[in-house]
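The exercises below go through cysteines, a metal site, a polar residue and aromatic rings, each with a worked solution. Please keep the sequence and the model at hand while reading.

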Amino acid sequence: MDLALNPSFVRDLQEFCLPKCIDFAEEMAKAGADVVVFTNPIANTGCISRQMYESQVHPFTKRLYRVTKEKQVKVGFHSCGLWDDRFDLLIEEAPDVLWPDKVDIGWLKRKYGGSVCILGNVKTTEIMLQGTPDQVKTEALKCLREAAGQGGYLLGADCVLPRDVPADNVRALIDTAREYSQAGGL
Ligand SMILES: [Zn+2]
């Protein structure tokens, strides 16, 4: 609500929080991380408008990524929820890896595959949590066929895996990636 009613408060809050995020990135880099992953589940199309994102979130995210990259680590971003009307802004923020939630991965690859490494997009709940290893394999192969061409792609789920995901489903995902890469694509 304050984004609309009290934007100067939001700005002050973000100026307060940004250095904490940068501290987090710095500690991750010091601990030997190759990639620092940020996520944002509250700036998607279900929560705020594109215009609000562009004016009040985008500038801070750009600063966060720029400073994080200066620490010699890669930046990953998980766009939780729907972000269809603002992927161009996410790309402009220049993360190294974009890990989208609900999206047509083939479309995303065609549009932005030359600008960013894409991670995803096996469905976390329907497939990883509730599906069978065979369904995981089918869905993983679909993602690989749609998004792995020309490289710049990481196979994974479309959100964080819940605790109760069957281990066999995780193994099926890993095995499919191995088989695919060993076969040089299927
Ligand atoms: Zn998510």
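**Exercise 1. Determine how many disulfides the structure holds, and examine Cys17 and Cys117.**

Step 1. With a disulfide taken as a pair of cysteine sulfur atoms within 2.5 Å, the structure holds zero of them. Step 2. Cys17 is in no disulfide, and the nearest cysteine sulfur, which belongs to Cys21, is 6.5 Å away. Step 3. For Cys117 the closest cysteine sulfur is that of Cys143, and the distance of 14 Å is too far for a bond. Step 4. Accessibility is classed as buried under 20% relative accessible area, exposed over 50% and partly exposed in between, using a 1.4 Å probe and protein chains only; on this scale Cys17, at 33%, is partly exposed, whereas Cys117, at 18%, is buried.

The model is predicted, so local features need pLDDT of at least 70 and side-chain atom pairs count only at pLDDT 80 or more, while totals for chains, interfaces and linings use all residues. Residues are numbered from 1 along each chain as its sequence is written, and side-chain values use heavy atoms, with hydrogens and water left out.

**Exercise 2. Identify the protein donors of the zinc ion and place the cysteines among them in the fold.**

Step 1. Donors are N, O and S atoms within 2.8 Å of the metal (3.2 Å for Na, K and Ca), and since water is not among the atoms, sites may look incomplete. Step 2. The protein donors are His78 through NE2, Cys80 through SG and Cys159 through SG, at 2.0 to 2.1 Å from the zinc ion. Step 3. Along the chain, these donors follow the spacing H-x1-C-x78-C. Step 4. Helices (H or I, at least four residues) and strands (E, at least two) are DSSP runs numbered from the N terminus; Cys80 sits in the loop between β2 (74–79) and α5 (87–92), and Cys159 in the loop between β5 (153–157) and α9 (167–182), so the pair ties together parts that are 79 residues apart in sequence. Step 5. Cys80 is buried, with a relative accessible area of 17%.

**Exercise 3. Describe the surroundings of Asn40.**

Step 1. Asn40 belongs to the loop between β1 (35–39) and α3 (50–56), and at 16% relative accessibility it counts as buried. Step 2. Taking contact as heavy atoms within 4.5 Å, and not counting residues up to four places away in sequence, Asn40 touches Val57, Phe77, His78, Cys80 and Trp83. Two of these residues, His78 and Cys80, are among the donors of the zinc ion. Step 3. A polar atom of the Asn40 side chain lies 3.1 Å from the backbone nitrogen of Ala43.

**Exercise 4. Classify the ring pairs Tyr65–Phe77 and Trp107–Tyr112.**

Step 1. Rings of Phe, Tyr and Trp (its six-membered ring) pair if their centres lie within 6.5 Å, and planes under 30 degrees apart count as stacked, over 60 as edge-to-face and the rest as tilted. Step 2. The whole structure has seven aromatic pairs. In the pair of Tyr65 and Phe77 the centres are 6.3 Å apart and the planes stand at 50°, so the pair is tilted. Step 3. Tyr65 lies in helix α4 (residues 58–69) and Phe77 in strand β2, so this pair ties together parts that are 12 residues apart in sequence. Tyr65 is buried at 1%, and Phe77 is buried at 5%. Step 4. Trp107 and Tyr112 have ring centres 6.5 Å apart and planes at 90°, so the pair is edge-to-face. Trp107 is partly exposed at 29%, whereas Tyr112 is buried at 12%.

Notes. Polar contact = N/O pair within 3.5 Å; in protein donor to acceptor, adjacent residues only side chain to side chain.
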